[in-house]
Each structure stands twice: as structure tokens, then as C-alpha cells.
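Please open the structure in a viewer and keep the selection tool at hand. The tour proceeds by successive selections, each followed by a description of what is found there.

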Amino acid sequence: MAKRALITGVTGQDGSYLAELLLQQGYEVIGMVRRSSTVGFERIAHIQDDITIVGGDLLDQASLITMLSEFRPEEVYNLAAQSFVQTSWSQPVLTGETTALAVTRMLDAIRIVDPSIRFYQASSSEMFGKVLEVPQRETTPFYPRSPYGVAKVYGHWITVNYRESYGLHATSGILFNHESPRRGLEFAPRKISHGVARIKLGLDSELPMGNLDAQRDWGYAADYVRAMWLMLQRDTPTDYVIASGETHSVRELCQIAFSVADLDWEEHVRVDERFMRPAEVDLLVGDPARATEELGWKRDVDFPALVAMMVEADLALVRRQLS
Ligand code: NAP
């Protein structure tokens, strides 16, 4: 019998890679999508016919209960969220509803419908914020620096709490930044790779950026969704940090990305105050030792290969759009 998994956020970057992985593993994949006046299935267009798409919204408890009752998944991956840190300052309440409280809605739906369902919560390195330890691991205290980070801390602790209160197989994956050619255009690495492509092909000359000194631990999304799946295959649920263990600055990312296209980043990148965060996260670097030891997880794609992959994909994309 094929296992059945429900993915919230299936139209997002991670949802699309996770759906691919689960289909390869022989799963029946149910993808929850919220109602929109336009259809935004670009990331899953190639596998759309293999997924059962179901309408639902993290803001609507009844839709979650109905979906679980109807489809009876064995695994639920809660990837949906208001996921962009900058937006969390302009829409803090929506961020709290979607990124924090919605985790309780889903956990409670699981508790009511079928407490044997295994649950994955998409937690974030942004919970470490103004870091209290370097590198950050599962035991590092949180100090979030944005409404997004605060909401993710809530999501993390309610996941732990439902595990401890009701014995749910609930896991919080604390994932450091992960990118791909499918990343949203507003996130710095994709903004840079897409900006490089547009400059290379003569559409723009400048790339306005925020803090070039911010340091992040970046990996490839397809490697990171594999860790999500591995976490739910464990008999005993616990929480895992997924990271590369390396940190790089935004400046370094710019240098590499522009050099892939034979451009000098200093001729094009301009610092623009509008893209600065009100409260910055200066340095993130994770320690994935527990995941390596217990899950056997390791990344396949390193930082320079990731940046090159993204720039090359955006060059191809912009060329297609021009032709
Ligand atoms: P993403 O590309 O922004 O995707 C977010 C998804 O959530 C989209 O499918 C979106 O649907 C959906 N969504 C938003 N609000 C919803 C609602 N009210 N009801 C139902 N669906 C809703 O994010 P991602 O990069 O794939 O990240 C996946 C998860 O991992 C997120 O929770 C994110 O916060 C977390 N995370 C990401 C990273 C990273 O580096 N990527 C790191 C740590 C944690 P629409 O298509 O309709 O907008």
C-alpha cells in the first residue's frame, strides 16, 4: 500500500521539491492550496497531474479537519507560512496567524482526527536571531529578531508541546536558509541571481541590496527536503537542525554570483536603506551533527555550486522571456 502524505505549502519552493521526492518514493501526495483569483502552480506544473490538489487554508480550522478526515494521510508536512521576514514587519498579525497559530490549528486537527499521523513543522534558523551560541544547534536558546522569527518560535514550541502533551509523532525541523532556482524573487539569493541575469542580458544596470554584511548558512532546497522526510521515518520524534555548517556573507554571495556571469559585482550592487531590516540577524551558522549522526543526512550541493546553479537557471529563464 502506498503511503499517503499531505503537504501544506505545496506551491512553495520546499513544497514542490518535497512533492517530487515523495512521488519518487511511491507516496500518494495530497497538496493543500489556498483559494486565489489566479492559479500559481508554476513550481508544481510538471507534477501537477500526479498530485491530488485540495482546497484549504491554514487560517480555516474546519478546512484542515475536513481534509484530514477525507484523505487520512499518514504524514503531514506543514510547510505553508507567511515566509518572508521583511513582510512580517508590515503584516505582523497575519504572520502570527499563519506562521504561528496555524500550527496549533493543524496539530489540533491531527489530535482530533487521527493522533497516529506523523507531523513535520517547518521551523527556521530565524528563531536564533541575535545568536546566543555559535554554531547554533538544537539546544541553543532562541532570540528571534522579527515578527516572523517570533511566530516560528511559537510554532516550534507548540509542536514540542503537542508531542509531550498528547504523544503525537511531531517533529520540528530547524532549517537554515535553503535556496534554489525556485526560490521566491524577493529572497536575497534569488534576487541576486535574477538580478545578475537581467544585468548580463542588458535589462538592468544596478542591483539595490540591503545589508551586505549579513552572514547566513545557505544550502540547496532539494537536499533539505530530504531531511524533512528522513525525520518522519524515525520511530521516535525529536527536533533537528539542518544546515551546511558554513557561513557566508551577502557580499560574498554577490561576488560569486556576478563572477559566474563574468561581471564585477562592485560595478552593479548598490546598498539601499529600504532593504535593511529594522532589527538585523548578523550571523547564522548551524551545526547539523545530530542530523548527520541520527538521520545519516548530508548535503550534496555546496555553496559555490548552489550559486552557480541559480545564476545559470536565471540566465536561461530571462533569455526565454526575451525570445
Ligand atoms: P514559500 O516558497 O514562501 O512557500 C510558502 C507556501 O505557503 C506557499 O505554498 C503559500 O501558498 C503557502 N501559504 C501561505 N499562506 C497560506 C495559508 N494561509 N494557507 C495555506 N497555504 C498558505 O516558502 P518555502 O521557502 O517553500 O518555505 C517552506 C516553509 O519552510 C515555510 O514555513 C518557511 O517559513 C520555512 N522555512 C524556509 C526556509 C528557507 O530558507 N526556504 C528556512 C527555514 C524555514 P501560495 O502559493 O498560495 O502563496
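Which atom of the ligand is 2.8 Å from an N or O atom in the side chain of Lys152? Select the ligand together with Lys152: the ligand atom at this distance is an oxygen. Please bear in mind throughout that this is a predicted model.

**First stop: the ligand**

Keep the ligand selected and add Asp57. A nitrogen atom of the ligand lies 2.8 Å from an N or O atom in the side chain of Asp57. Next, add Asp14, and display its backbone. Here a polar backbone atom of Asp14 is 2.8 Å from an oxygen atom of the ligand. How much of the ligand does the protein bury? The ligand taken alone exposes 910 Å², and 87% of that is buried by the protein.

**Second stop: the shell around the ligand**

Now extend the selection to the residues that surround the ligand. There are 25 of them, and those that come nearest are Thr11, Asp14, Arg34, Ser83 and Tyr148. Colouring the shell by class shows 10 nonpolar residues, 10 polar residues and five charged residues.

Which elements should be highlighted next? At least two shell residues come from each of helix 1 (13–24), strand 5 (118–124) and helix 5 (147–166). Strand 5 gives the most, contributing three residues to the shell.

**Third stop: helix 1 and helix 7**

Select helix 1 again, this time with helix 7, which covers residues 221–233. The two helices pack at an angle of about 65°, and their axes are 9 Å apart. The crossing of helix 1 and helix 7 is right-handed. To view the contact, show Gln13, Asp14, Tyr17, Leu18, Leu21 and Leu22 on helix 1, and Ala221, Ala222, Val225, Arg226, Met228 and Trp229 on helix 7. By class, this contact of helix 1 with helix 7 comprises nine nonpolar residues, one polar residue and two charged residues. Asp14, one of the contact residues of helix 1, is also among the residues that come nearest to the ligand.

**Final stop: helix 6 and helix 8**

Finally, select helix 6 (residues 188–200) and helix 8 (residues 250–260). Their axes come within 10 Å and cross at roughly 35°, in a right-handed crossing. Helix 6 makes the contact through Pro189, Ile192, Val196 and Ile199, while helix 8 does so through Val250, Leu253, Cys254, Ala257 and Phe258. Which classes of residue are found in this contact? The contact of helix 6 with helix 8 has nine nonpolar residues, with no polar and no charged residues.

Conventions. Residues numbered from 1 in each chain as written. Predicted model: local features only at pLDDT ≥ 70, side-chain atom pairs only at ≥ 80, totals over all residues. Heavy atoms only, no water. Near = heavy atom within 4 Å. Polar contact = N/O pair within 3.5 Å; in protein donor to acceptor, adjacent residues only side chain to side chain. Areas by Shrake-Rupley, 256 points an atom, 1.4 Å probe, with all protein chains shown as cover. Helix = DSSP H or I, 4+ residues; strand = E, 2+ residues; numbered from the N terminus. Nonpolar A, V, L, I, M, F, W, Y, C, P; charged D, E, K, R; others polar. Axes fitted to C-alpha atoms, helices over the stretch in contact; angles between N-to-C directions. Left-handed = near helix turned anticlockwise from the far one by under 90°. Contact = heavy atoms within 4.5 Å.
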